[in-house]
Amino acid sequence: MEDQWLAWAKRLSALADTGLHYCRDKFDRERYEEVAEISASMIAALGDIPIGRVNLALDKGEGHVTPKIDVRAAIIDDGRILLVKEKMDGRWTMPGGYAEVGLSAAENTIKEVWEEAGVKVEAKRLYAIRHKAKHAYPADVLDFYKLFFLCERLDGAPLDPGHEVHDAAYFSPEALPPLSEPRVIARDIADAFEFHADSRRPALID
């Protein structure tokens with residue numbers, strides 16, 4: 001669960017950025033700019049992060065501020081799940097990443113699996129929607145909704161890891177490698193196996 005002070009600081013940052021987009025009064029703009037600066041300083045202090053990195057990560061844009069979307073694919077075959085080894089931290093995660101504009105959530109998931117593991121899949125079922133800040137992931141400067149899909153391979157082609165990852169392999173739930181926890185936690189994988197075993201279970205929305 002995300003620290004409450006970090007959650008408040010991120011909320012202030014979002015309100016300031018949205019206010020800057022909509023306000024027309026120069027005095028209101030000055031106030032929103034000051035709130036944005038204070039909230040960025042709070043995030044930097046709470047996470048012990050240089051303020052420049054915080055400002056870069058917040059990716060301030062024009063418009064109403066909304067959470068980022070992260071999609072992940074659970075591909076289970078013969079009691080094992082497909083994971084890819086991240087270049088950034090050398091740890092393992094379900095294939096996935098930022099959702100891109102112009103593609104549906106399912107299309108983004110399919111694309112990520114192809115780019116990272118070199119296999120073609122069909123997104124069969126959404127099994128969880130999670131607000132990252134409310135679960136056991138490491139604290140993040142950004143706010144995320146995480147969408148998890150059960151996917152099915154369309155052929156028996158060998159795994160072909162893409163340039164974004166070091167490796168791709170299948171693992172049993174009893175012998176998982178070190179996980180890249182900013183991206184996936186053990187619960188995400190456990191839920192994938194449970195939903196794979198029971199097609200009638202409703203998706204988790206938490």
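**Strand 6 and the aromatic pairs: a quick tour**

Okay, let's start at the beginning of the chain, with helix 1, which covers residues 4–22. Two tryptophans sit in this helix, Trp5 and Trp8, and they are 3 residues apart, so about one turn of the helix. Before I go on, keep in mind that this is a predicted model.

So how exposed are those two? Trp5 is exposed, with a relative accessible area of 52%. Trp8 comes out as partly exposed, at 45%.

Now, how many aromatic pairs turn up when you search the whole structure? The search finds 5. Our two tryptophans make one of these pairs: the ring centres of Trp5 and Trp8 are 5.0 Å apart and the planes sit at 85°, so we call it edge-to-face. The cut-off for that label is an angle over 60 degrees.

Next, a pair with another geometry. For Tyr98 and Phe144, the centres are 5.8 Å apart and the planes are at 25°, so this pair is stacked. Here the partners come from distant parts of the chain: Tyr98 belongs to strand 4, residues 96–98, while Phe144 belongs to strand 6, and 46 residues separate them. Is Phe144 buried or exposed? Phe144 is buried, at 8% relative accessibility, whereas Tyr98 is partly exposed, with 45%.

That brings us to strand 6 itself, residues 144–153. Why call it largely enclosed by the rest of the structure? Because 7 of its 10 residues are buried.

And which strands does it pair with? Take strand 1 to begin with, residues 68–77: it runs parallel to strand 6, and 8 bridges join them. If you want a spot to look at, find Asp70, whose bridge partner in strand 6 is Lys146. Then there's strand 5, residues 121–131, which runs antiparallel to strand 6 and is joined to it by 9 bridges. There, look for Ala123, standing opposite Cys151 of strand 6.

Let's go back to Lys146 for a second. Besides partnering Asp70, Lys146 lies over the face of Tyr137, at 5.2 Å from the ring centre.

One more stop, and it's a cluster. Tyr127, Phe148 and Phe195 are linked by ring pairs. Phe195 also has a charge over its ring: the charged end of Arg201 sits there, 4.4 Å from the centre.

That's the tour. If you open the model afterwards, try finding Phe144 in strand 6 and following its ring across to Tyr98 in strand 4.

Terms used. Residues numbered from 1 in each chain as written. Predicted model: local features only at pLDDT ≥ 70, side-chain atom pairs only at ≥ 80, totals over all residues. Heavy atoms only, no water. Buried < 20%, exposed > 50% of the residue type's maximum accessible area, 1.4 Å probe, protein only. Helix = DSSP H or I, 4+ residues; strand = E, 2+ residues; numbered from the N terminus. Pairing = 2+ DSSP bridges. Phe/Tyr/Trp six-rings, centres within 6.5 Å; stacked < 30°, edge-to-face > 60°. Lys NZ or Arg CZ within 6 Å of the ring centre and 35° of its normal.
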